[in-house]
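Ready for some practice with helix packing? Take a look at the model below, then work through the exercises one step at a time.

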Amino acid sequence: MEKFNSLVNKIIPVWVWIFFISVLVGAVYAAQLLGFGILNDTLLNPVTTRSLHITLMLYGPIMLGLSLLPFALFAKDGLNLDNAEKYLKNYFFLWHLFLFMAGISLLLGAQRGLAFYDFAYELNFLLASSGIFYIIAIFKTIKQYKIEPLWVKVSKAVLFAAPVALVILMNPVIGQVEATISGPHGDNTLGMSFTLIPLFYLMIKLHSNDEIKPRLHILWIIPLVGYIASVAHRIFIGELSYNQEWFFQWLTFFYAPILYIWYKDAKLSLKSHPYLIISIWAFLFVMIEGNILFVPELRWLFHRNDLIVAHAHVAIGLGIFFMSLSIISYFYKFPKKLIHAWSYVIALIFFPLSISGFAQAGFMDISIDTFWWLRLSAGILALGAILYFIYKKLSLIKPDLLQFYHLGGFASDGLGAVILILFAPQLFEFLGFSFSPHYYLVFGFMGFVGILHLIGATKHSHFLGDMTSHARIITGTIFFSLFYISSLDALALLVGFYDLSYALIYMLWIKNR
């Protein structure tokens with residue numbers, strides 16, 4: 001278990017930073033809705049910020065945390081997870097690569113105009129490829145069972161079907177997902193909800209001290225049959241009528257009693273397992289509220305207004321988020337205050353946006369700007385909470401000159417690259433320099449050097465100090481040369497002077513201390 005636990009402890013800081021970025025982008029979008037248009041002419045325009053926020057939330061650390069569920073169950077059964085470690089490394093790497101490529105492509109305008117899944121369809125093949133390593137990690141681990149449990153046998157079939165289903169369902173021509181995100185999508189809701197039911201069962205099994213025996217299988221079989229029928233209807237017959245969608249939507253009511261029965265049989269409580277119980281409550285609330293909002297007279301009033309946005313934040317930001325934490329916490333200890341802090345954040349989003357939704361539907365004559373300000377304050381509170389967590393968990397103790405060198409390099413190259421990627425055209429125009437899209441390649445290299453500096457600071461690494469200083473000497477010399485032959489303007493002179501100076505500080509002063 002040592003290798004596996006080490007992997008989890010290394011991957012959590014990466015997830016925290018990705019989650020921080022997703023919340024930051026969401027806060028930027030909330031500010032843009034209030035009229036703060038300073039970023040509107042940059043890559044972070046309102047359409048892009050919304051798309052990027054949703055993509056990082058739906059495909060970022062929250063979902064990656066869910067993928068640790070079977071390994072938590074394996075650990076509970078006493079299996080050694082170290083054989084899975086190297087394959088999970090590749091799985092996480094490919095998934096992180098997907099997030100990076102999706103984020104950059106969205107920033108540069110490669111969008112499909114969809115409410116969800118706005119990134120290029122071809123990137124789904126990268127996710128499917130990551131699933132290959134995930135499958136290998138699972139099979140390397142379950143070989144330790146003398147007799148495979150039933151949940152393992154069922155999961156094996158799902159593992160092979162999931163990558164194939166991903167590329168088919170997400171296909172813009174023959175897929176079902178894109179066809180159902182613009183309409184009432186009652187059957188799509190039924191299918192998404194069904195995927196959560198076995199996850200809830202396995203999480204309840206994970207946290208239960210006693211063996212639980214599932215019962216009343218009819219309560220999940222009926223919705224499953226309904227979802228299969230809805231998909232078959234779309235493929236072979238055509239689009240569903242509203243009443244048909246409404247029927248499939250209301251089949252989700254079968255999930256309420258089965259979830260209640262499961263967690264009562266497992267003797268779980270809010271005090272003993274807060275993450276999981278809050279997640280279950282959030283799921284039940286969203287499911288019931290969603291069914292009420294599907295009543296035609298209500299849907300025409302509320303669909304796509306702020307009440308639906310509030311509903312989505314409870315579903316993902318509370319339900320799925322705490323579901324993920326209930327799994328990750330099996331391997332990684334989170335501070336107790338996290339539950340309260342994040343609950344306040346979601347409450348500060350949910351209640352103001354719900355009231356705003358009623359105002360937009362015509363039930364109240366009240367300005368919605370106040371409630372949008374409250375949503376923005378919730379985003380700022382969330383950013384503060386994440387930064388506090390980073391400070392407590394990842395802060396550097398007694399930094400020395402080497403760490404100051406790396407931190408300065410990260411600030412200049414890492415954060416500088418982010419700023420330039422977002423605002424380069426405006427900054428170049430303000431400073432009187434000419435700008436070309438080819439500079440984005442330079443900004444990408446800057447970002448890479450910044451990442452090396454960040455790793456060097458956390459690892460206290462002289463090796464990365466040598467690497468980054470030599471990289472600066474090479475690039476600084478090249479920029480000087482391009483300035484001398486008049487291929488680049490005075491900006492190259494400034495960059496070359498900075499890189500060479502910063503490298504010499506390390507080589508002459510810090511390296512041999």
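**Exercise 1.** Work out how helix α2 (residues 46-59) and α5 are oriented relative to each other in this predicted model.

*Solution.* Start with the numbers: the axes of α2 and α5 are 9 Å apart, and the packing angle is about 170°. Next, apply the cut-off: angles over 145 degrees count as roughly antiparallel. Therefore α2 is roughly antiparallel to α5.

Now find the residues that meet. From α2 come T48, S51, L52, T55, L56 and Y59, while α5 brings W95, F98, L99, A102, G103, L106 and L107. Sorted by class, the α2 contact with α5 has 9 nonpolar and 4 polar residues, with no charged ones.

**Exercise 2.** Do the same for helix α1 (residues 2-33) and helix α5 (residues 85-107).

*Solution.* Here the axes come within 10 Å and cross at roughly 10°. Angles under 35 degrees count as roughly parallel, and α1 and α5 are therefore roughly parallel to each other.

On the α1 side, the contact uses K3, F4, L7, I11, V14, W15 and I18; on the α5 side, it uses E85, L88, K89, F92, H96 and L99. By class, the residues of this α1 contact with α5 are 9 nonpolar, 1 polar and 3 charged.

**Exercise 3.** Find which residues form a nonpolar patch on the surface, and where F363 is found.

*Solution.* First, list the patch: L301, I355, F358, F363, M364 and I366. Together they have about 510 Å² of accessible area. Then locate F363: this residue lies in the loop between α16 (337-360) and α17 (369-394).

Definitions and conventions:
Residues are numbered from 1 along each chain as its sequence is written. This is a predicted model: local features need pLDDT of at least 70, side-chain atom pairs count only at pLDDT 80 or more; totals for chains, interfaces and linings use all residues. Side-chain values use heavy atoms; hydrogens and water are left out. Axes are lines fitted to C-alpha atoms, for helices over the stretch in contact, and angles run from 0 to 180 degrees between N-to-C directions. Helices (H or I, at least four residues) and strands (E, at least two) are DSSP runs, numbered from the N terminus. Angles under 35 degrees count as roughly parallel, over 145 as roughly antiparallel, 65 to 115 as roughly perpendicular and the rest as oblique. Contact means heavy atoms within 4.5 Å. Ala, Val, Leu, Ile, Met, Phe, Trp, Tyr, Cys and Pro count as nonpolar, Asp, Glu, Lys and Arg as charged, and the others, Gly among them, as polar. Patches are made of residues with over 30% relative accessible area and no salt bridge: like charges are joined within 9 Å, nonpolar side chains (Val, Leu, Ile, Met, Phe, Trp, Tyr) within 5 Å. Accessible areas come from the Shrake-Rupley method with a 1.4 Å probe; for residues, only the protein chains shown count as cover. A salt bridge is a side-chain nitrogen of Lys or Arg within 4 Å of a carboxyl oxygen of Asp or Glu.
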